Amino acid sequence: MKFSLVFLFLSSMAFAKPTPVDIGGYDFPPYVISKNNGFQGLTLDLIQLLNQKQSKFEFRFVPTSPSRRYHDMKEGRYQIIAFECKSWGWNPDLVTSTKIFQEGGEVFIALNEPSRTQAYFKDLKSKKIRGMRGYHYGFLGLSTGPKALKEFNLELTNTQEGNIRAVLNKRTDIAIVSKEYLDIYLKENPQDQKFLLISKNFDQIYRLGLLVSNEQSTIKVADLNKLIDDIVKDGSWDDILKRKGITSKHP
């Protein structure tokens, strides 16, 4: 009888379903890239890697948008958002950050004309600039409010690739793009490298981890930190970055 109970207990443990953990993300290349009616990018790669490393939790991707991401977490559509900074509009009392394991940043690009130097990027107010809707930029004081926006000739779009091509096609003077996405774009389009002047100074450098909801999360931050340690120490996270041509390193 005792043996049967032990067997049943062990069997139930073996067939126990993993706890679902929903990770949100919005179109933020190279972390989330909306393409061909689906999603790809480093957030999806991270989810796949975390699921490979353990079986207690099932990590799942939940799409959101830059403007809805705060509301969607509060409403419980997802418990974690990947590759975020608290300074990007989050209530610091409602979220806790994991360990930082990826650095990122944004640079300015312009058409590489013979007389043009890095000094071209010093005066932004006289230039037509393209950026991404819902993003928080350093030159705007990390604000998306109308007061910050009205000081610049800034057009906000939904595609970083489109903004790069707008520079190449002379539809804008400057675009601000994620350096990590620019790495990927130039790996796929090396012929465009010579046509782009890339700022040596960053608009901002950000240190990224996962933001975990203090109210909704089904996994502890300590458990996530352990998984992050595992994928950094065994080199599997660096392998993903190298395959994509991303030169930024984790801190």
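What share of the 251 residues in the protein is buried? Buried residues make up 47% of them, and I should say at once that the model we are looking at is a predicted one.

Let me start with the overall picture. The protein has eight helices and twelve strands, and its C-alpha atoms fill a box of roughly 85 × 40 × 35 Å when that box is taken along the principal axes. The exposed surface comes to about 13200 Å², of which carbon and sulfur atoms supply 53%. If we take the contacts between residues at least 6 apart in sequence, 76% of those contacts join residues that are at least 24 apart.

I would now like to turn to helix H6, residues 179–188, where eight of the ten residues are buried, so that this helix is largely enclosed by the rest of the structure. The buried residues of H6 are Lys179, Glu180, Tyr181, Leu182, Asp183, Ile184, Tyr185 and Leu186, and what they pack against is a mixed set of elements: strands S7 (102–111), S10 (174–178), S11 (196–198) and S12 (204–213), together with helices H5 (160–168) and H8.

Helix H8, residues 236–244, also meets helix H2, residues 42–53, and the axes of these two come within 11 Å and cross at roughly 150°. With the cut-off for roughly antiparallel set at over 145 degrees, H2 and H8 are therefore roughly antiparallel to each other, and their crossing is right-handed. On the H2 side the contact is made by Leu42, Asp45, Leu46, Leu49 and Lys53, and on the H8 side by Ser236, Trp237, Ile240, Leu241 and Lys244. Sorted by class, this contact has six nonpolar, one polar and three charged residues. As a reminder, an α-helix has 3.6 residues a turn, so residues three or four places apart point the same way.

Finally, a few points about the backbone. Most residues other than glycine have a negative phi, and most peptide bonds are trans. Against that background, the peptide bond from Pro29 to Pro30 is cis, with omega near 10°, and Pro30 lies in the loop between strand S1 (19–25) and strand S2 (33–35). Asn37, which sits in the loop between S2 and strand S3 (38–40), has a positive phi near 60°, and at 87% relative accessibility this residue counts as exposed. Lys170, in the loop between H5 and S10, likewise has a positive phi, of about 60°, although it is not a glycine, and at 64% relative accessibility Lys170 also counts as exposed.

Note on methods: Residues are numbered from 1 along each chain as its sequence is written. This is a predicted model: local features need pLDDT of at least 70, side-chain atom pairs count only at pLDDT 80 or more; totals for chains, interfaces and linings use all residues. Side-chain values use heavy atoms; hydrogens and water are left out. Axes are lines fitted to C-alpha atoms, for helices over the stretch in contact, and angles run from 0 to 180 degrees between N-to-C directions. Helices (H or I, at least four residues) and strands (E, at least two) are DSSP runs, numbered from the N terminus. Angles under 35 degrees count as roughly parallel, over 145 as roughly antiparallel, 65 to 115 as roughly perpendicular and the rest as oblique. A crossing is left-handed if the near helix is turned anticlockwise from the far one by less than a right angle, and right-handed if clockwise. Contact means heavy atoms within 4.5 Å. Ala, Val, Leu, Ile, Met, Phe, Trp, Tyr, Cys and Pro count as nonpolar, Asp, Glu, Lys and Arg as charged, and the others, Gly among them, as polar. Buried means under 20% relative accessible area, exposed over 50%, partly exposed in between (1.4 Å probe, protein chains only). Accessible areas come from the Shrake-Rupley method with a 1.4 Å probe; for residues, only the protein chains shown count as cover.
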